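Here is a relaxed walk through one protein model, meant for someone meeting it now. Have a look at the sequence and the 3D view, then read on.

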Amino acid sequence: LAGYAGLRIGGRLADVPAAAGLVAAGMRELMQGDCEYYSQGPLPAGMSMMVLGERIARFDADARGDAVQAAVSRPADAPALPYGLWVGIGVVTARQQLPAGVVSSPHAYAWPDGEYLTWTDKAGPLALRLETLDGVVTAIYWGQPDAVELIEGCA
């Protein structure tokens, strides 16, 4: 949970080599805030990285706006994510792979068919959240607990 592809939660964006090829989404200009999303570079398709205050706060994996198809096993092109999870994994299987202590809460936009499954690491400042819809995981976020709980990206 502490990082992905050599990028570390809490690490400074300024320490990432320019040659890494990260591409900004333009959130700072759009929202006039201190939050930005980056994709590409060392991140596979369908993944992005949230940066708050020039520090890496969270990684996101989602279906890139596509409808999520349930998959019994991790598709070959799906990135390797914490706890062996993938976007499209069934909720029952995902719960079996997660550590104890997962908290379920209603999805802000898709209740009662969707929920959030959130696990916070008691040993360190890290958390993981799964968004679900109709029994399938549609997005996975991990990083700083406060960043993981943001439901609209930077907001």
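Aspartate 60 has tyrosine 141 as its bridge partner in β10. On the β5 side, serine 48 stands opposite aspartate 60 of β6. One step along, alanine 61 has isoleucine 140 in β10 as its bridge partner. A word on the labels: strands (E, at least two residues) and helices (H or I, at least four) are DSSP runs numbered from the N terminus, and two strands pair if DSSP finds at least two bridges between them.

Keep in mind that this is a predicted model, where local features need pLDDT of at least 70 and side-chain atom pairs count only at pLDDT 80 or more, while totals for chains, interfaces and linings use all residues. Residues are numbered from 1 along each chain as its sequence is written, and side-chain values use heavy atoms, with hydrogens and water left out.

**Around β6**

Strand β6 covers residues 55-62, and six of its eight residues are buried, so the rest of the structure largely encloses β6. Buried here means under 20% relative accessible area, exposed means over 50%, and partly exposed is in between (1.4 Å probe, protein chains only). β6 pairs with β5 (residues 47-52) in the antiparallel sense, over six bridges. The two make a hairpin with two residues between them, and glycine 53 in the turn has a positive phi of about 55°. β6 is also joined to β10 (residues 136-143) by five bridges, and that pairing runs antiparallel as well.

**The whole sheet**

Which strands make up the open sheet, and in what order? There are eight, running β3-β4-β5-β6-β10-β9-β8-β7, with antiparallel pairing. β3 (22-24) and β7 (103-106) are the edge strands, each pairing on one side only. From one strand to the next, the twist averages 25° (axes are lines fitted to C-alpha atoms, and angles run from 0 to 180 degrees between N-to-C directions). As background, strands of a sheet pair through backbone hydrogen bonds, either parallel or antiparallel.

Towards the β7 end, β8 is mostly covered, with six of its seven residues buried. Four bridges hold the antiparallel pairing of β7 and β8, and serine 105 stands opposite tyrosine 116 of β8. On to β9 (residues 127-133): seven bridges join this strand to β8, again antiparallel. Those two form a hairpin with six residues between them, and tryptophan 119 has leucine 128 in β9 as its bridge partner.

**Rings and charges**

How many aromatic pairs turn up in a search of the whole structure? The search finds four. Rings of Phe, Tyr and Trp (its six-membered ring) pair if their centres lie within 6.5 Å; planes under 30 degrees apart count as stacked, over 60 as edge-to-face and the rest as tilted. Two of the pairs are set out below.

| Pair | Centre to centre | Angle between planes | Type |
|---|---|---|---|
| Tyrosine 4 and tryptophan 142 | 6.0 Å | 65° | edge-to-face |
| Tyrosine 83 and tryptophan 119 | 5.8 Å | 80° | edge-to-face |

The pair of tyrosine 4 and tryptophan 142 links distant parts of the chain: tyrosine 4 is in β1 (residues 3-4) and tryptophan 142 in β10, 138 residues apart. Tyrosine 4 and tryptophan 142 are both buried. Ring pairs also tie Tyr4, Phe59 and Trp142 into a cluster.

The pair of tyrosine 83 and tryptophan 119 spans 36 residues, from the loop between β6 and α2 (91-97) to β8 (residues 114-120). Is tyrosine 83 partly exposed or buried? Its relative accessible area is 34%, so tyrosine 83 is partly exposed. Tryptophan 119, at 9% relative accessibility, counts as buried.

Two arginines lie over ring faces too: arginine 58 over tyrosine 141, at 4.0 Å from the ring centre, and arginine 129 over tyrosine 116, at 4.4 Å. A charge sits over a ring if NZ of Lys or CZ of Arg is within 6 Å of the ring centre and within 35 degrees of the ring normal.

**Stepping back**

The chain's secondary structure comes to three helices and ten strands. Of the 155 residues in the chain, 42% are buried. The C-alpha atoms fill a box of roughly 40 × 30 × 30 Å along the principal axes.
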